[in-house]
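Welcome, and please open the structure in your viewer with the cartoon style switched on. We will take a short walk through it, one selection at a time.

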Amino acid sequence: MKNSLKWALMLLMCCTCFVACDDDDDNPGTPSNQPSEITLKAFQKDYPNATNVVWSVARGYNVAQFNLQQSRDEMVVRNHAAYYPINSAKKAYTEVDLTWEQLRTEAPQVVAAWEAGEFAASVTTNRIDVEKKVYFEQEARYELEFDHNGTEYELLYALDGTLLKTDIDAENDDEGPCPFGIIEFIQAHYPNAYIDDYDQELIKDILYETVEIEVRKNGKKVEYNVVFKQGAHVISAQEIDEDDYNDEQILPKVIVDALTKINADRETWDEVYAAYNLEGKKLNYYAVFEIEGEEDSLYEISLAGDAKFIMHI
């Protein structure tokens, strides 16, 4: 999934320069960052062979960074991370560094997808950092980070090899997981959703957070960008698959006509989303048009089919 609409939704709320945000506590490993006995015992049970353990606190989590036997590189310090909600025995999220051979054994379809992709011929595997990410007991996601011609790339794959996201020159490295309150919201309102990605930005001192999730509906995958402002839900944007552009139950004719009026070439319809409020009421549609040699254009289309240019992104 691309990121243009995700950023555009936040820009719609407040157009200004982005300011970096850092939620991590300082001085990891100090006594104030030590977990409760409940969390510590859970960690020791989950990782009895952990070494070089350092604890910190971030976003409502006790975070353990540590090494395990057969780590990616014995000289790399703390290449595993486990996140536990404060005073909880239930692990919410993990990040694990993998070698390429470990990835090949654990997720061969991810390796196959990489080898069939555009970068395999020019980026050797020893230049790729591989990280496995898991929320609760959900299916793992695999992030491949590498440099190509001076540009940093991050590719996010599902276990079956599906490329979920490509980030170019990503600025929010090592953000960690969603705050636990957002995870609880997702679980309550989108049961059995997979959390693919989380991003945050400070805009005029207001924190905006976006979670990319997958939900299965009638056996079909549906993707959402769920946006929060200061921790409160603002909007959910459901991506419309291009195979469904002719299905009036999913993309009404009045919306298709409006999109066609903007540009009849459907190859330029880069992303189309339906926006919903928390109660599931459809608010409007957003569409990103991509034309070679030009800036991408974001439009808002009302339920009546009235189109309005919003911005270049």
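The tour below goes from one sheet to another, with stops at strands, turns and helices. Keep in mind as you look that this is a predicted model.

**First stop: a sheet of eight strands**

Start by selecting β1 through β8. These eight strands make an open sheet, ordered β1-β2-β3-β4-β5-β6-β7-β8, with antiparallel pairing. Which strands sit at its edges? They are β1 (51–58) and β8 (163–168), each of which pairs on one side only. Turn the view to follow the twist: on average, neighbouring strands of this sheet are turned by 20° against each other, direction ignored.

**Second stop: the β1 edge and its helix**

Now pick β1 together with β2 (residues 61–67). The two run antiparallel and are joined by six bridges. For one such spot, show Val57, which has Asn62 of β2 opposite. Next, add helix α2 (residues 37–46), which lies across β1, β2 and β3 (80–85). Its direction is at about 140° to that of β3.

**Third stop: strand β6 and its partners**

Select residues 141–148, which are strand β6. Is this strand largely enclosed or open? Six of its eight residues are buried, so β6 is largely enclosed by the rest of the structure; buried here means under 20% relative accessible area.

On one side, look at β5 (residues 129–135), which runs antiparallel to β6 and is joined to β6 by five bridges. Click on Val130 and you will find Leu144 as its bridge partner in β6. The hairpin of β5 and β6 has five residues between the strands, and there Phe136 takes a positive phi near 45°.

Then move on to β7 (residues 151–158), which pairs with β6 in the antiparallel sense over eight bridges. Arg141 stands opposite Ala158 of β7. In this hairpin there are two residues between the strands, and Asn149 has a positive phi near 55°.

**Fourth stop: another sheet**

Finally, select β9 through β16. Here, too, eight strands form an open sheet with antiparallel pairing, in the order β9-β10-β11-β12-β13-β14-β15-β16. Its edge strands are β9 (194–203) and β16 (307–312), each pairing on one side only. Neighbouring strands of this sheet are turned by 25° against each other on average, direction ignored.

Show helix α5 (residues 180–189) as well: it packs on the sheet and touches β9, β10 (206–217), β11 (220–229) and β12 (232–239). The helix direction makes about 140° with that of β11.

For a last close-up, choose β13 (residues 269–276) and β14 (residues 282–289), an antiparallel pair with seven bridges. Within it, Ala275 stands opposite Asn284 of β14.

How values were computed:
Residues numbered from 1 in each chain as written. Predicted model: local features only at pLDDT ≥ 70, side-chain atom pairs only at ≥ 80, totals over all residues. Heavy atoms only, no water. Buried < 20%, exposed > 50% of the residue type's maximum accessible area, 1.4 Å probe, protein only. Helix = DSSP H or I, 4+ residues; strand = E, 2+ residues; numbered from the N terminus. Pairing = 2+ DSSP bridges. Axes fitted to C-alpha atoms, helices over the stretch in contact; angles between N-to-C directions. Contact = heavy atoms within 4.5 Å.
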